[in-house]
Amino acid sequence: MNKILLIISFTLASLFAFSQARQISGTVTDAGGQGIPGVTVVIQGTTTGTTTDIGGNYRLEVRPGNILQYSFMGFITQSVPVTTQTVINITLLEDSKLLDEVVVIGYGVQRKRDITTSVAVVDDKALKDRPIVTVAQALQGKAAGVQVTQPSGKPGSGLAVRVRGATSVLAGNEPAYIVDGIRTTDINGLNPQDIESMTILKDAAAAAIYGAAAANGVVLITTKRGNTEKPLITFNTYFGVSKLRKSIDVLNTRQYRDLMNEIGISYDPSWTQFNDWSDETFGTGYQQSYQASFSGGTEKSRYFVSGGYLTEQGMVQPSRFDRYTVRMNLDNELRPWLKVKTSLSTWSISSKDTPDNASSGRGGVIMSALNTPPFLNVYNQADIKDYTDEQGVVDYSKVRFDMNPFQPSWENPVAYMEGPDQLSRDNKVLGSVEAEISLFKGLKFRSGTGVDITAHRWDYYLDPMRTNYGRQNHGIGRSDNSNHMVWQLENLFDYTLKAGDNTLSVLVGNSLRKYEGRGTYLEGKDYPEDINVTDIWAANQITTGGTWRNANSLVSFFGRVTYDFNSKYYATASFRRDGSSKLVNKWGTMPAFSLGYRLSSEKFMAKYTFIDDLKIRGGYGVTGNVEGLSDYAAFALWSYYRRDPQDPLAGPGIYQSSYGNPDLKWETTRQSNLGLDLTMYGGRVLFTFDAYHKKTMDVLLNVQLTSSLPISSILTNAGEIVNKGLEFSLSTVNIDNKDFTWNTDFNISFNKNEVTGLKYTPVYYFGRIYSNNQDATRVKVGDPLGTFYGYVSEGVDPETGNIIYKDVNNNGIFDPGDRTIIGYGMPGTTFGFTNNLIYKKFTLNLFFQGSYGNDIFNATRIDLEGMFDSKNQSVDVLNRWTPENTNTDIPRAVGGGNVDNVRNSTRFIEDGSYLRLKSATLAYNVIKSNKMFEFVKNLSVYVTAQNLFTLTNYSGFDPEVNAYGNSAVEVGIDYGTYPQSRTIVFGVNVEF
């Protein structure tokens with residue numbers, strides 16, 4: 001009996017000791033036996049854990065029955081149960097999915113780790129839980145060397161995208177967009193929720209395979225496709241409101257009357273009321289979106305179908321953007337050797353425009369909101385009485401807008417907003433079909449055809465009663481219709497041979513591309529007053545009309561050879577030969593090559609255990625810019641006109657409208673690139689560096705001819721532009737454990753732009769400012785594009801109250817020779833910074849972007865501080881020069897249209913650098929693979945704030961601005977531009 005009790009006691013004591021916590025240790029190594037530092041070792045189901053030291057060693061207190069989980073970026077996670085061990089050593093295997101991650105490149109794909117050119121990838125994670133309206137928005141701040149600027153805050157407005165700087169004056173600087181293999185110039189209608197990834201080919205070695213379309217870089221857009229997993233249904237929706245981020249204060253009625261007295265403009269003493277035109281102009285905008293998709297399939301057949309509706313109402317009427325989208329992507333394996341891929345996208349866009357980038361006297365709503373006299377009413381008060389019914393309801397469709405007593409042609413901002421009835425409609429079909437045939441092992445033949453069809457219509461009607469301009473013309477109607485079609489056919493052979501450590505890939509193909517377009521334009525006036533007919537055909541008098549038709553063709557032959565030895569040494573060479581119908585000398589050849597060397601494969605690198613991968617690469621290539629040429633740029637053109645508009649029997653006349661230039665060529669860019677890709681700490685740190693030199697030759701310019709000729713200029717190749725810069729990208733996994741993950745992405749780019757050559761004409765001027773009739777920018781050798789040119793303001797003369805302009809040429813007098821460089825519109829530095837923090841079910845994403853080193857020409861201040869006519873002014877003029885206030889930087893009030901004090905000068909040049917919290921998103925994952933709701937795979941809700949705050953010294957509405965849209969020579973000019981808004985959005989994402 002005693003023996004039995006002793007055995008039981010010993011057993012219980014052993015079990016008790018066995019169940020107690022104890023310390024275990026071990027080492028975590030890779031397949032090569034090297035210790036891995038930073039591996040997370042955690043007890044599954046708890047937050048208790050540790051990380052390995054620099055040698056891969058760890059220690060942790062555990063209990064029997066615990067399960068240890070070992071995880072590290074780039075490796076497959078392992079789990080080990082704890083029993084009686086005191087030492088647990090683990091070998092982590094690399095995740096083959098990460099090793100084999102592929103990137104879309106020109107006419108194919110390539111493993112990310114094998115790329116020897118400069119490319120940047122923006123995947124669908126950049127789009128998730130962000131209310132992105134256009135695809136280009138997703139590129140902003142996400143890729144080094146890619147500058148994306150939103151020149152205007154109007155809904156649906158286009159974005160300016162620059163890849164490694166601007167290369168052209170006249171031929172355009174936008175990259176080529178390839179959507180599922182089809183090249184297009186319009187991606188405004190693409191649904192961002194349909195995008196799988198975007199690859200930006202930045203250097204010529206990557207882009208030269210697209211030849212004469214690739215001088216400004218190439219953006220390859222891949223849309224989502226079906227998979228062989230369980231069918232997936234997604235639904236996304238969001239709603240948001242937007243308001244003006246910053247206001248500009250102007251004079252009230254009393255202050256305005258004082259200024260008019262000082263200028264010498266008389267007014268009615270009864271004009272004492274005050275109307276805040278900013279409140280009348282800037283309201284609350286809204287946006288809402290509904291997107292749904294269905295995807296799935298089998299090994300033989302897969303599908304992805306989506307549809308969406310998005311509407312955005314601007315904060316300034318009538319700006320509006322409505323988009324309907326439908327997409328269908330099909331993948332079918334008809335035979336083991338035959339695959340067919342279909343991509344079809346269609347969209348319909350309706351938009352209304354708010355006129356901006358113009359003075360208050362030329363229809364600019366924003367300038368009118370600032371300049372309209374504060375005592376005016378919105379509507380004519382007598383008309384309100386006449387058109388008010390017995391119930392007190394006013395029929396505003398018949399009420400005239402209040403007229404400016406000083407300048408009747410200067411309408412108030414509400415008249416500019418509500419007076420015209422206008423609508424733009426664009427319908428597009430973008431589709432392709434591609435067949436892939438496996439001829440034998442390693443050799444594939446691909447043939448694809450695609451179309452890009454666009455129908456555009458714009459209608460405008462200004463009634464004959466409500467506005468002054470409408471009454472003068474008895475109503476105005478305008479209508480513009482156009483149709484465009486691009487047809488593309490491509491055939492190529494792709495061969496891959498693997499022999500031991502050697503891999504050889506060869507690609508050859510050809511491409512045919514044809515464009516046809518035609519359109520009509522009509523303008524008429526003299527509409528009936530008592531009949532509400534707005535169609536152009538109701539105009540009694542057609543004042544302007546015309547038709548046009550254009551066509552061009554491009555024939556291309558291309559090839560690429562890629563060699564890889566043991567994933568250590570790489571070599572790639574490509575060529576493309578393009579022939580364009582736009583030119584007399586139609587053909588050009590564009591070669592490229594790149595080399596890569598994986599330094600981390602060398603034996604002497606083994607001691608640097610924290611380095612996972614280190615690759616050095618370099619390349620050189622030639623690309624062209626044929627898209628910037630008009631269809632008949634090299635040929636002499638003749639135009640027809642009506643000899644006598646009053647005589648229907650007079651017949652047409654003909655005149656030469658342009659000279660031909662048989663020597664005209666497309667712009668050619670030669671670019672060299674040197675880069676480095678570094679991965680450290682098991683994929684937790686990714687670093688990329690690139691240095692480039694980009695030289696564009698044969699820049700197109702309109703060279704001035706002698707005044708004795710009937711045509712004043714001829715288009716020719718007369719310039720040379722150089723861009724050179726550095727790019728840095730850094731991605732880090734700062735924290736990665738069970739409950740909390742923190743990732744950071746940072747990129748910064750430095751670019752220097754310079755005009756290095758001009759022929760025939762030493763200087764060109766651009767950016768004419770209406771109010772002072774002076775050019776704001778110039779193009780000259782030694783200057784970057786977007787150089788501001790004008791006078792140097794040295795302040796206000798305390799004796800006269802006038803601006804003192806520096807005598808730059810030291811000739812003792814004030815003359816045009818005193819003009820000089822006064823600023824630079826292009827930034828020298830652009831950057832983006834993203835932090836993504838995940839705590840349990842919460843995700844916080846903070847995205848910052850900005851620029852440094854750029855100036856803004858604030859031409860808005862010319863009309864707000866000029867004091868040369870009856871326009872209302874900003875409150876800054878309260879500090880204007882007077883005999884009693886001589887110590888000031890605001891000149892005197894002059895009146896009489898005298899613009900001497902508002903010449904283009906340093907007075908209006910401001911620092912345009914800024915740092916902006918572009919978006920802040922807080923998301924909560926309500927359901928994720930929950931057994932209680934098996935039909936719901938994922939449900940998340942989020943709130944996003946866009947443009948939450950902006951740090952800048954710029955005094956205008958917004959520093960991200962350009963009155964001249966996408967122009968590269970008239971960049972950074974603010975002249976009553978529609979500002980960006982601050983937006984709050986609430987959204988829901990569901991997956992079934």
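How many bridges join strand β20 to strand β21, and do the two run parallel or antiparallel? Some notes on the strands of this predicted model.

1. To take that question head on: β20 (residues 320-335) and β21 (residues 338-352) are joined by 15 bridges and run antiparallel. If you want a pair to look at, R327 stands opposite S345 in β21. The two strands make a hairpin, with two residues between them.

2. β21 has another partner to check. It is linked to β22 (residues 420-440) by 14 bridges, and this pairing is antiparallel. Here L338 has I437 of β22 as its bridge partner.

3. Now for the open sheet. Five strands make it up, and going across you meet β10, β15, β16, β13 and β14 in that order, with mixed pairing. The edge positions go to β10 (119-123) and β14 (182-184); each has a single partner strand, so one side of each is left without a neighbour in the sheet. From one strand to the next, the twist averages 20 degrees.

4. Inside that sheet, have a look at β13 (residues 176-179) and β16 (residues 218-223): four bridges join them, and they run parallel. A176 is a handy place to start, as it stands opposite V218 in β16.

5. A general reminder for when you trace these by eye: strands of a sheet pair through backbone hydrogen bonds, either parallel or antiparallel. In a regular strand, side chains alternate between the two faces of the sheet.

How values were computed:
Residues numbered from 1 in each chain as written. Predicted model: local features only at pLDDT ≥ 70, side-chain atom pairs only at ≥ 80, totals over all residues. Heavy atoms only, no water. Pairing = 2+ DSSP bridges. Axes fitted to C-alpha atoms, helices over the stretch in contact; angles between N-to-C directions.
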